[in-house]
Amino acid sequence: MKRKTMFLTAAVFMLALGHAPSIAQSEPKPEIHVIAPAANPAELRKQVNDYVRRTGIANSSDPVARWLEPVCPKVVGINADHAQIVEQRMREIAQVSGIKTAPPGCQGNIAVTFTNDARALMRQLAKKAPNRLAGLTPVQRDQLLTGDAPIRWWYNSRSQGADGMKTANSDSLLAGAQATDGTTFGTGNGGQSAVGHGNETVQAYRSTIIGTLAVRGLLKATVVIDVKLAQGRSLDAVAAYAAMVAFAETTPTSQPMPNSILGMFDADNVYTNPTDWDIALLRTLYSMPHARAGWKQRRMLVSAILNPSAPGEDQD
């Protein structure tokens, strides 16, 4: 049975304080928008290159970061019934993208927080737990604290040897997510992003001109959704957006994202579900060799979107 579409409004946010009506469970697989390819192959390749570049994924020589452990989304700040919708939607997208999910009752490593004032929430976090934002650049920090994005996010990642040897790191890894009221953060519980000050070293036991000595893994992702700024979008669409930024280390962009759920807030956006480009990107991100230079991984992502049925190149 297909569940009713819930639209994000201040009223939905206020239901976090009371009882919400039961909502029918979603279908096992999420709807996916299929992008009509450009007739001109050169134009299509340009569009796909622009798409990958604007996500911010693999835009440097460093290997892309991805989840090495199963993902476990935890949603706070809204009624438990609505939180379950968001968590289930994210799990569906992970499943269709080939991303491993932890079983119910898992310790959260992805925190999705709904609030009626994201800027105030971020300022409070910066004041009470500044180390939580210590790994961000000044520009990234400013975007989180003073920007007007309806959805903002950041990550905690770690490097490790390409053969699985973890780096030495004094950062504490956090356990079990705890619910909040959507306006306050804890001081470092699981499911909430934390950035420590540990020093990292990489141990490697192989030498190769193909791979890299280290890979990057995501440990925590925090997504903050401003209900007032996101008002009018469906809860499913917001959940799909949160999944996209939580599963892939994306970077906010001021440029339009015409072929992606990441363009949900663009003026002329027509997508309320992930596109086939979004799913192809996630699938390839988690199936391509991890220990490769970023420029090589970017080429793999573009090729997979252009030729989704073709076998991946340079597989281990």
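The dialogue below asks how the terms used for this predicted model are justified.

Student: What kind of model is this, and which pLDDT limits apply?
Tutor: The model is predicted: local features need pLDDT of at least 70, side-chain atom pairs count only at pLDDT 80 or more, and totals for chains, interfaces and linings use all residues. Residues are numbered from 1 along each chain as its sequence is written, and side-chain values use heavy atoms, with hydrogens and water left out.

Student: How many helices and strands does the chain have?
Tutor: The chain has 8 helices and 5 strands. Helices (H or I, at least four residues) and strands (E, at least two) are DSSP runs, numbered from the N terminus. Their order from that end is α-α-β-β-α-β-α-α-β-β-α-α-α.

Student: Why is D50 called buried or exposed?
Tutor: Buried means under 20% relative accessible area, exposed over 50%, and partly exposed in between (1.4 Å probe, protein chains only). D50 has 17% relative accessibility, so D50 counts as buried. K46 has 46%, so K46 is partly exposed. R53, with 36%, is also partly exposed. Across the 316 residues of the chain, 50% count as buried.

Student: What makes D50 and K46 a salt bridge?
Tutor: The term needs a side-chain nitrogen of Lys or Arg within 4 Å of a carboxyl oxygen of Asp or Glu. In D50 and K46 the closest N and O atoms are 3.0 Å apart, so the pair qualifies. D50 and R53 meet the definition too, at 3.1 Å from N to O.

Student: How far apart in helix α2 are these partners?
Tutor: D50 and K46 both lie in helix α2 (residues 41-55), 4 residues apart, about one turn of the helix. D50 and R53 are 3 residues apart in α2, again about one helical turn. An α-helix has 3.6 residues a turn, so residues three or four places apart point the same way.

Student: What does the salt bridge between R216 and E249 tie together?
Tutor: The closest N and O atoms of R216 and E249 are 2.8 Å apart. R216 sits in strand β5 (residues 214-226), while E249 is in the loop between α6 and α7 (276-287), so the pair ties together parts 33 residues apart in sequence. R216 is buried, at 19% relative accessibility. Elsewhere, shared partners join K46, D50 and R53 into one network.

Student: What makes a set of residues a nonpolar core?
Tutor: Its members are buried Ala, Val, Leu, Ile, Met, Phe, Trp, Tyr and Cys residues joined through side-chain atoms within 4.5 Å. The largest such core holds 64 residues; M90, I110, F114, V223, F247 and L281 touch the most other members. Helix α6 (residues 235-247) gives the most to this core, with 12 residues. Apart from it lies another core of 12 residues, among them L121, A126, L145 and W154.

Student: How do you know that α6 is largely enclosed?
Tutor: 13 of the 13 residues of α6 are buried, so the rest of the structure largely encloses this helix.

Student: Which span should α6 have?
Tutor: The expected span is 1.5 Å times one less than the number of residues. The 13 residues of α6 should therefore span 18 Å, and the end C-alpha atoms are 18 Å apart, which agrees.
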